[in-house]
Amino acid sequence: EQARRKGAAMPLAQRNTGVDVYWNGRLIPNAVLSPFKFMRSGTYMSRRVPDEWIYRVKGTLFLSSAFPVTNNKMHICQADVYDTLTEHTSSKLEASFRQWVIENHDSYDYDTWLTGESPAKDGRRVLFSGFHRHGVAFEVGDWVTLRKPKEIPVRIEGFYYT
């Protein structure tokens, strides 16, 4: 909730967290659930699971026609279903969720950043002296090997974006 209040400080992809609800294959637009209670930051096996990792999780709930909807198909009629889903938690469920978040973070999330920012002489680009991704750092002047179509050693002259 605190991160939702930050608003502008969070990327758009992280602002729309929670669970989308589908009824008979149709999205019910006003039935978006907040993240479930077990979807909280904390620790698992001495590893910290920060809020930023939790905010990237997006879920989908599919309901059958056994769940009544309003005539305009904008809301689910049974609010107690939401209460049951959103309030249910257990320490085992929280631990399983945190373990899953950590495993996905280790497999798919790569923190990437550029360092040493300076404006280019042409005024249309921003130059950087370093690039860091998933624990690997490259600096201007480093030698790397390109592998396609064949191995070619090259020297990094710079990093920039326009």
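Which side chain meets E157 in a salt bridge? Hold that thought for a second, everyone, and thanks for coming. The model we are looking at today is predicted, so please read what I say about it in that light. The partner is R155, and the N to O distance between the two side chains is 3.0 Å. E157 is exposed, with a relative accessible area of 60%, whereas R155 is partly exposed at 41%. Elsewhere, R40, E94 and R98 are joined into one network by salt bridges that share partners.

Let me stay with the charges for a moment. The count of salt bridges in this model comes to 7. One of them is formed by D20 and K58, whose closest N and O atoms are 3.3 Å apart. This pair links distant parts of the chain: D20 belongs to strand β1, residues 18-23, and K58 to strand β5, residues 58-63, with their positions 38 residues apart in sequence. Is D20 buried or exposed? D20 is buried, because its relative accessible area is 18% and the cut-off for that label is under 20%. K58, on the other side of the pair, counts as partly exposed at 37%.

Another salt bridge joins the side chains of D122 and R124, at 3.9 Å from N to O. Here R124 is exposed, with 64% relative accessible area, and D122 is partly exposed at 36%.

Now to the sheet, if you would turn the model with me. Three strands form an open sheet, in the order β6-β9-β10, and the pairing is antiparallel. Which strands stand at the edges? They are β6, residues 112-115, and β10, residues 136-139; each has a single partner strand, so one side of each is left without a neighbour in the sheet. From one strand to the next, the twist averages 15 degrees.

Let's walk across the sheet. β6 and β9 run antiparallel and are joined by 4 bridges, and T112 stands opposite R133 of β9. Strand β9, residues 130-133, also pairs with β10 in the antiparallel sense, over 4 bridges. If you want to find the register on your screen, F131 has F138 of β10 as its bridge partner, and G130 has E139. β9 and β10 form a hairpin with 2 residues between them. In that turn, H134 has a positive phi of about 50 degrees.

What do the side chains along β9 do? They alternate: G130 and H132 point to one face and are buried, while F131 and R133 point to the other face and are not.

My last stop is D111, which sits in the loop between α5, residues 91-108, and β6. D111 is partly exposed, with a relative accessible area of 45%. Which residues does D111 touch, once we leave aside its neighbours within four places in sequence? D111 is in contact with H132, R133 and H134. Two of those names should sound familiar: H132 and R133 came up in the alternating pattern of β9, and H134 is in the hairpin turn. D111 and G135 are 24 residues apart in sequence, yet their C-alpha atoms are 8.2 Å apart in space.

To close, here are two things to look for when you open the model yourselves. Start with the buried D20 and its salt bridge to K58. Then go to D111 and its contacts with H132, R133 and H134. Thanks for listening!

Terms used: Residues are numbered from 1 along each chain as its sequence is written. This is a predicted model: local features need pLDDT of at least 70, side-chain atom pairs count only at pLDDT 80 or more; totals for chains, interfaces and linings use all residues. Side-chain values use heavy atoms; hydrogens and water are left out. Two strands pair if DSSP finds at least two bridges between them. Axes are lines fitted to C-alpha atoms, for helices over the stretch in contact, and angles run from 0 to 180 degrees between N-to-C directions. Buried means under 20% relative accessible area, exposed over 50%, partly exposed in between (1.4 Å probe, protein chains only). Contact means heavy atoms within 4.5 Å. A salt bridge is a side-chain nitrogen of Lys or Arg within 4 Å of a carboxyl oxygen of Asp or Glu.
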